[in-house]
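Please work through the exercises below with the sequence and the model in view. Each task is followed by a solution in steps.

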Amino acid sequence: MSTTENQPSANFIRQIITNDLTSNKHNGNVATRFPPEPNGFLHIGHAKSICLNFGIAQENQGTCNLRFDDTNPEKESAEFMKAIEKDVNWLGFKWTAVYHSSDYFEQLYDYAVQLIKKGLAYVDSLSAEEIREYRGTLTQIGKESPDRSRPIAENLTLFKKMREGDFANGDYVLRAKIDMASPNINMRDPALYRIRRTHHHRTGNDWCLYPMYDYTHCISDAIEGITHSLCTLEFEDHRPLYDWVLEKIQISCRPQQIEFARLQLEYTVMSKRKLAQLVLENHVHGWDDPRMPTIAGLRRRGFTPTSIRDFCERIGITKKDAWIKIAVLESCIRDDLNENAPRAMAVIKPLRIVIENYPDEKVESLTIKNHPQKEEMGTRNVPFSKVILIEQDDFSLEPPAKFKRLIEGGEVRLRGSYVIKCEKVITDEQGKIIELRCSYDENTLGKKPEGRKVKGVIHWVSEQQSLPAELHLYEPLFTEANPEEQVNFMEVLNPKSLTIVTGARVEASLANTSARNRYQFERCAYFCVDTDSRAEKLIFNRTVSLRDTWLK
RNA sequence: UGGGCCGUCGCCAAGCGGUAAGGCACGGGGUUUUGAUCUCCGCAUACCCAGGUUCGAAUCCUGGCGGCCCAGCCA
């Protein structure tokens, strides 16, 4: 490993922070926060934000809070909060403190009263539809609500009644009094509070009045002393409002909102709404389905925290609308697993081989390295006997050019074992190959054969001692690089995103493996033990295939 | 269309007025009991386009062109 490997790459946000540190803008403090709404599971796009926020705090001896942005009780739940905490931890990050926007409901209310008293907020009785009409359009300025001139005292009374539950949903809304002619639509008297007569998973029935994101987020940041409030590009237009609120209320902290591009990964969707739809309509088996781009899905698929952090580092942080190829993610997990996953042998589609000159009842215990380059990973014993299983694809009656596996009359090396020669091909009435009769060269164990070169090496398992296993092979969830671009993203769902292989056999050493263990099944792919796997029924998930440059 | 933001290799991405880093992908050689890994080599006279400023421009200026975001009582 080179010394620069762990050096975070330069990006414009780190530059801003470096400059702020130099100018002592925040008294040398760096305080960030990761603020998910607990309305779904975290996905790899959140991982990008997590790595950025926690990473920046770590690099600068700063702090990073986990804050649940729970201002909309209709979509949020404690279950999602639990899942989010688990995922952030699993990625390897420790928050300085955990907070909730709902922790600040009382303060937020007081600040709203402040705004009303300053004549900067008013209670509006316009309906949602009317507000939309009054707002104007991109090219036309809006017009002021008749309630905009409501006297302060009346606003105060009405707002109090809103809190006390005197009104129904939608009867009134609290609005900031800014500028109905602003070219920035977010500044045309945005809603600050709306009435929601709904139970909140944390505050119960204490409130029927809930603050909006724009009003809540900046104040929450300020209360927590956040110095750099990092969010995605779609909030750029909200920054003037973020700053407006903090300027108008009585608060000294001035966090700086900085926006970066959200992650867009090919062949998947990243919006929580769409991910939830996949789960709800049973197109996948849950938020942690290994095909999902969720942290939970990637974990079950066999991804490591290291690989995901590496991915976030490799893609960088910019303001450019970028599309990341799946190959980048795959390269990250291969790098980690190549280094750290022990090797094993598994035959996906078995072809039976009888070694005619091998003693009938003999079972040899061969010692095989767990990693070809890393001695420290040790060895394991693999039984070898007269009847073995190889991959159907590793034998060919009509071999293509440069085929270096087993052919009729040809020799091949059995990985970690002997060189065998195919003496006879047994077919059924339809001509289908059902068995091979081979001979073995007893002088080739750990030695090159004498007087000839044997090029190919293939994997195998002993028929008798091997274990049956179910293999889950995954392909992208969608057939189009950008499913969101379709009129209906469901129409480009990949019908072959999951293939279940039932006839596979794995080597005996895997008998007592446990959930989440990762292996490289040599010459095939990296697999991990699924959480539903049991000793009686082994299930492996294919994390990612091996790179394959043959016939490219 | 009003406003905001963005445009450097196929895909990401450094670069911040001194003569185009790196990664992924791709092509080729070597090593190899994994067609894996590892290793070596190749891969933008060129930075959306056009003008301008400058001894010198991807970097500064002007004007175009292209893309993304905003009209929730969602976040």
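The exercises concern the surroundings of an RNA strand and one residue of the protein.

This is a predicted model, in which local features need pLDDT of at least 70, side-chain atom pairs count only at pLDDT 80 or more, and totals for chains, interfaces and linings use all residues. Residues are numbered from 1 along each chain as its sequence is written, chains are lettered from A and ligands numbered from 1 in the order in which they are written, and side-chain values use heavy atoms, without hydrogens and water.

**Exercise 1.** Determine which residues come nearest to RNA strand B.

Solution. A residue is near a strand if one of its heavy atoms lies within 4 Å of it. There are 72 residues around RNA strand B, and T139, K320, R343, R415 and Q520 come nearest. Of the strand's atoms within 4 Å of the protein, 66% belong to sugar and phosphate.

**Exercise 2.** Identify polar contacts (pairs of N or O atoms within 3.5 Å) to RNA strand B.

Solution. First, consider the bases: a polar side-chain atom of Q520 lies 2.5 Å from a base nitrogen, and a polar backbone atom of L126 is 2.9 Å from a base nitrogen. Next, consider the phosphates: an N or O atom in the side chain of K448 is 3.3 Å from a phosphate oxygen.

**Exercise 3.** Establish whether L66 is buried or exposed.

Solution. Buried means under 20% relative accessible area and exposed over 50% (1.4 Å probe, protein chains only). The value for L66 is 0%, so L66 is buried. Its contacts (heavy atoms within 4.5 Å) include F34, W95 and Y99.

Key:
A polar contact is a pair of N or O atoms within 3.5 Å; within protein, one must be able to donate a hydrogen and the other to accept it, and residues adjacent in sequence count only if both atoms are side-chain atoms. Lists of a residue's contacts leave out its neighbours within four places in sequence.
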